[in-house]
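Subject: Structure handover

Hello,

Here is the structure I promised to pass on. Please open it first, then read my notes below.

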Amino acid sequence: MTQVNTFHQQVVLITAAGSGLGRGIAIDLANRGASVYVWDRDASALQDLSEYAKAEKLMITTSVVDLASEQEVETAFKTTISQSKKIDVLINNAGGSLHTPFHFLKQTKEDWDRVFNLNLMLTVKLTQLVIPCMLEMQYGRIINLGSKAGRYGSLFAGANYVAVKGAIHALTLQLAQEFGPQGITCNAICPGAVMTPRVKGLLKERQSDEQRERILNEIPVRRHGELEDIANSVAFLASPESGFITGVLLDVNGGQAMST
Ligand SMILES: NC(=O)c1ccc[n+]([C@@H]2O[C@H](COP(=O)([O-])OP(=O)(O)OC[C@H]3O[C@@H](n4cnc5c(N)ncnc54)[C@H](O)[C@@H]3O)[C@@H](O)[C@H]2O)c1
């Protein structure tokens with residue numbers, strides 16, 4: 001596939017990209033010419049990604065990091081920045097509902113803490129580490145992974161996940177306002193369900209075949225999202241050409257927000 005090289009000499013840092021959406025985003029940006037740093041705790045997924053990158057001659061550097069540990073995040077940041085010298089694009093991808101219960105009354109404080117720590121507090125911590133580097137360049141692109149759930153509620157993820165994605169959206173707006181004057185944009189991608197193996201499993205567990213069929217038939221484009229849909233949207237907002245777009249919560253859901 002021929003790609004426009006808009007990310008030549010751009011450094012991207014993306015969290016939790018050993019598998020799932022993050023992996024697709026990392027490979028896509030590397031294909032567009034970026035040097036991509038990937039952090040994840042899953043050593044074998046990272047090994048697989050490194051081998052793929054080597055075979056495809058892509059600039060992807062992986063590090064095993066437990067993103068739940070502030071100390072590991074700080075150490076990984078020091079190591080990455082000493083190698084990369086700069087970070088042009090930060091993609092706060094780590095998150096999810098972490099298989100916590102759907103029903104509000106069944107959710108414990110620990111369910112709320114875990115989901116808020118990985119989705120929100122990690123985003124806060126890492127963004128606070130990266131923004132000073134972006135301020136030095138007077139340039140930066142921050143992309144947060146929000147969700148359709150955080151805008152419209154969810155049919156299969158619970159209140160803790162919906163609330164934390166709403167917080168990510170609000171944080172996105174505030175960072176866009178605060179750092180826009182210094183050349184740093186901040187936007188969020190808000191995907192509907194993308195059929196990664198994990199999401200397929202969750203839907204199978206929480207919805208009947210009939211419910212899934214009905215929901216699919218109500219999505220205006222009559223299909224679920226694919227990795228490429230998310231990666232293309234991220235690439236658009238992360239590119240140098242998108243400097244006049246900030247504070248956007250971009251729905252990437254095939255129009256589903258209009259129907260379910
Ligand atoms: N998949 C979807 O349908 C969907 C829809 C809307 C929003 N999102 C959002 O997109 C982002 C990515 O979702 P996904 O479904 O690809 O995620 P996922 O659950 O498939 O996880 C991807 C990676 O996260 C890593 N990870 C989990 N906890 C970690 C930790 N403590 N330290 C380091 N790595 C850790 C895993 O090892 C895995 O490689 C999330 O923020 C999610 O909320 C996903």
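Start with the inside. The largest nonpolar core has 31 residues. Those with the most contacts inside this core are I25, L29, V36, V38, I60 and I91. The elements that give it two or more residues are β1, α1 (20–31), β2, α2, β4 (89–92), β5 and α9 (227–238). Another core, of 26 residues, lies apart from it. V11, W39, V73 and L118 are among the residues of that other core. Keep in mind that this is a predicted model.

V38 is a good place to zoom in. Leaving out residues up to four places away in sequence, V38 touches I14, A17, G18, A26, L46, L49, I60, T61, T62 and S63.

Next, the sheet. It is open and has 7 strands, paired in parallel. Their order is β3-β2-β1-β4-β5-β6-β7. The edges are β3 (60–64) and β7 (249–252), and each of these pairs on one side only. On average, neighbouring strands are turned by 20° against each other, direction ignored.

Look at one pair in detail. Strand β1 (residues 11–15) runs parallel to strand β2 (residues 35–40), and 5 bridges join them. T15 has W39 as its bridge partner in β2. Helix α6 (residues 159–179) packs on the sheet. This helix touches β5 (140–145), β6 (184–191) and β7. The direction of α6 makes about 160° with that of β6.

One loop residue deserves a stop. L58 sits in the loop between α2 (43–56) and β3. Is L58 buried or exposed? L58 has a relative accessible area of 13%, so it counts as buried, since the cut-off for buried is under 20%. What does L58 touch? Not counting residues up to four places away in sequence, its contacts are I27, A30, N31, Y52 and A53. From L58 to A16 there are 42 residues in sequence and 18 Å in space, C-alpha to C-alpha.

Last, the ligand. It is surrounded by 28 residues. The closest are L21, D40, Y161, V194 and R198. Two of these side chains have a polar atom by a ligand oxygen: in D40 such an atom lies 2.6 Å from an oxygen atom of the ligand, and in Y161 the distance to an oxygen atom is 2.7 Å. D66 faces a nitrogen instead: an N or O atom in the side chain of D66 is 3.1 Å from a nitrogen atom of the ligand.

Over to you.

Best wishes

Conventions
Residues are numbered from 1 along each chain as its sequence is written. This is a predicted model: local features need pLDDT of at least 70, side-chain atom pairs count only at pLDDT 80 or more; totals for chains, interfaces and linings use all residues. Side-chain values use heavy atoms; hydrogens and water are left out. Two strands pair if DSSP finds at least two bridges between them. Helices (H or I, at least four residues) and strands (E, at least two) are DSSP runs, numbered from the N terminus. Axes are lines fitted to C-alpha atoms, for helices over the stretch in contact, and angles run from 0 to 180 degrees between N-to-C directions. Contact means heavy atoms within 4.5 Å. Buried means under 20% relative accessible area, exposed over 50%, partly exposed in between (1.4 Å probe, protein chains only). A nonpolar core is a set of buried Ala, Val, Leu, Ile, Met, Phe, Trp, Tyr and Cys residues joined through side-chain atoms within 4.5 Å. A residue is near a molecule or strand if one of its heavy atoms lies within 4 Å of it. A polar contact is a pair of N or O atoms within 3.5 Å; within protein, one must be able to donate a hydrogen and the other to accept it, and residues adjacent in sequence count only if both atoms are side-chain atoms.
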